Amino acid sequence: MTIRPILIHPDPRLKKVCAPVEVIDDELRRLADDMLETMYDAPGVGLAAPQVGVLKRVLVMDCAKGDEGDGPRPMVLVNPEVTWASEETRSYEEGCLSIPEQYAEVTRPAEVRVRWLDLGGEMREEHFSGLWATCVQHEIDHLNGKLFIDYLKPLRRQMITRKMMKLKRERARAKAEA
Ligand code: NI
């Protein structure tokens, strides 16, 4: 498994609608393994393929940390689709590995049902609530080129984007000097 570099906003690859996965092969399984490794290393609770520069509809997540008595629960969702969303909403302070150290309240449906393919090519469907529901919706947004800051007012979004541009310049400079 390899830790892959995570793209930082703004990046045109984070704004693209990703293509459905047609074949589940070794390359895709390697991508999923690398994404899980990259997510745990960050650390984060979710990661979508475009965040590592792969424009395919794949996401990984593990929100089990807060659950009572549960060990890790790494999940890989291929071609995920929301099949039902609750009318009840929930606000959660979200962050994103592509927008480091920036957090903001986002309101989304409190519970969702999601259908996806697992790495064995089997169709799965599950009901998500709590942090899992927030996370899976945030990650599916990534597959449609949408970031959590797109839910914020334009001024707030621009402020965060400027901070990220500055961070990227600083990182590039540090790399050049190294
Ligand atoms: Ni994100």
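What spacing do the donors of the nickel ion follow along the chain? They follow C-x41-H-x3-H. Keep in mind that this is a predicted model, and let's start at the metal.

The protein donors here are Cys96 through SG, plus His138 and His142, each through NE2, and they lie 2.1 to 2.3 Å from the nickel ion. That long x41 stretch in the pattern has a structural counterpart: Cys96 belongs to strand β4 while His138 belongs to helix α2, so the pair, 42 residues apart, links distant parts of the chain. How exposed or buried are these two? Cys96 has a relative accessible area of 10%, which makes it buried because the cut-off for that label is under 20%. His138 comes in at 6%, so it counts as buried too.

Now for the empty space. Rolling a probe the size of a water molecule over the atoms shows where such space is left. The largest pocket has a volume of about 590 Å³. It is lined by 29 residues, and the closest to its centre are Pro43, Gly44, Gly95, Cys96 and Leu97. Cys96, then, is both a nickel donor and one of the residues closest to the centre of this pocket. Elements giving two or more residues to the lining are α1 (26-41), β4 (89-96), β5 (99-109) and α2 (130-143). Sorted by class, the lining splits into 14 nonpolar, 8 polar and 7 charged residues.

The second largest pocket holds about 190 Å³ of space. Its lining consists of Tyr40, Pro43, Gly44, Val45, Asp62, Ala64, Lys65, Gly71 and Pro72. Pro43 and Gly44 may ring a bell: they line this pocket and also sit among the residues closest to the centre of the largest one. By class, you get 5 nonpolar, 2 polar and 2 charged residues here.

Two other spots are worth a look. Gly53 lies in the loop between β1 (46-48) and β2 (58-61), and with a relative accessible area of 31% it is partly exposed. Setting aside neighbours within four places in sequence, Gly53 is in contact with Leu7 and Arg13. Its C-alpha atom is 9.3 Å from that of Arg4, though the two residues are 49 residues apart along the chain.

Finally, head over to strand β7 (residues 123-128), where you'll find Glu126. The Glu126 side chain makes a polar contact with the side chain of Arg73, at 3.0 Å. Not counting residues up to four places away in sequence, Glu126 touches Arg73, Met75, Val112, Arg113, Val114 and Trp116.

Key: Residues numbered from 1 in each chain as written. Predicted model: local features only at pLDDT ≥ 70, side-chain atom pairs only at ≥ 80, totals over all residues. Heavy atoms only, no water. Helix = DSSP H or I, 4+ residues; strand = E, 2+ residues; numbered from the N terminus. Polar contact = N/O pair within 3.5 Å; in protein donor to acceptor, adjacent residues only side chain to side chain. Contact = heavy atoms within 4.5 Å. Buried < 20%, exposed > 50% of the residue type's maximum accessible area, 1.4 Å probe, protein only. 1 Å grid on protein atoms, 1.4 Å probe; cavity = no way out; pocket = protein on both sides within 12 Å on 5 of 7 lines; lining within 4 Å. Points joined across faces, edges and corners; volume = space filled by probe spheres on them. Nonpolar A, V, L, I, M, F, W, Y, C, P; charged D, E, K, R; others polar. Donors = N, O, S within 2.8 Å, 3.2 Å for Na, K, Ca; no water.
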